[in-house]
Amino acid sequence: MKAFDLSLYLVLDPDLCAGIGMVETARRAVAGGATMVQLRDKHAGTAGMIETGRALKQALDGTGALLIVNDDVEAAIAIGADGLHIGQEDMDAATARAMIGSDMILGLSVETAALAAGVDPSLVDYTGIGPVFATPTKADHKQPIGFHGLARLVAVSPVPSVAIGGLKAEHVAEVFAAGARGLAVVSAICGAPDPEAATRRIAAEIRKARA
């Protein structure tokens, strides 16, 4: 498995990225300091995910940023992505790991302490914990857990965690104080007029939080 840095994890949203597109948004965000990029598009279908994913992989080549595909294991394999991220309603972790092999990173969303504690570290490499706040980018999200909930879930997760859900630059210190290794951001970058500048602001806060 590749080494990975969860600190500034961009989750692409096709609607918020519509102005300049997901590939260009990712390219600018990585120039600003994004360490991981997740391709998430519930409406594209596998063929559409593969097309966008291959373009993303080319755009990220040589940057050090890793490409994660949300849900679609077939697309992740076809793209040659660095990893796959699954939710609780998707396939189980054992099936996903069997399909992607040992080299690909596997992330799993967890929303409760029981789910976080139940993660098998021989299968899963990191947990996505949240939502910390309510967010319009995921209409079907579970009840927000806040920073206290984040800290509680991070503490019982046997693998590193990234926080997600309505997070912005001003939340960085609290995310790291809760023990998470990073924050996953959607609208704070995808919805920004200048994604590179927006990412740089978050990256600067991460440097302060880690100092």
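## Annotated binding site

An unreviewed UniProt entry carries the annotation "binding site" for D71 and D90. In this predicted model, the two residues gather at one spot, because their C-alpha atoms are no more than 6.7 Å apart although they span 20 residues in sequence.

## Surroundings of D71

D71 is placed in the loop that connects β3 (66-70) with α3 (73-79). Leaving aside residues up to four places away in sequence, D71 is in contact with K42, L84, H85, I86, G87 and D90. The other annotated residue, D90, is thus listed among the contacts of D71.

## Surroundings of D90

D90 is found in the loop between β4 (83-86) and α4 (93-100). With a relative accessible area of 30%, D90 is partly exposed, since this value falls between the limits of 20% for buried and 50% for exposed residues.

A polar atom of the D90 side chain lies 2.6 Å from the backbone nitrogen of G87. G87 also belongs to the residues that D71 touches, and both D71 and the side chain of D90 therefore have G87 as a neighbour within the 4.5 Å contact limit.

## The loop position of D15

D15 occupies the loop between β1 (8-12) and α1 (22-32). Its relative accessibility of 64% places D15 in the exposed class, because that class begins over 50%.

D15 and C190 are separated by 175 residues in sequence, while the distance between their C-alpha atoms is 8.8 Å.

How values were computed:
Residues numbered from 1 in each chain as written. Predicted model: local features only at pLDDT ≥ 70, side-chain atom pairs only at ≥ 80, totals over all residues. Heavy atoms only, no water. UniProt positions renumbered as here; feature names shortened; annotations may be inferred. Helix = DSSP H or I, 4+ residues; strand = E, 2+ residues; numbered from the N terminus. Buried < 20%, exposed > 50% of the residue type's maximum accessible area, 1.4 Å probe, protein only. Polar contact = N/O pair within 3.5 Å; in protein donor to acceptor, adjacent residues only side chain to side chain.
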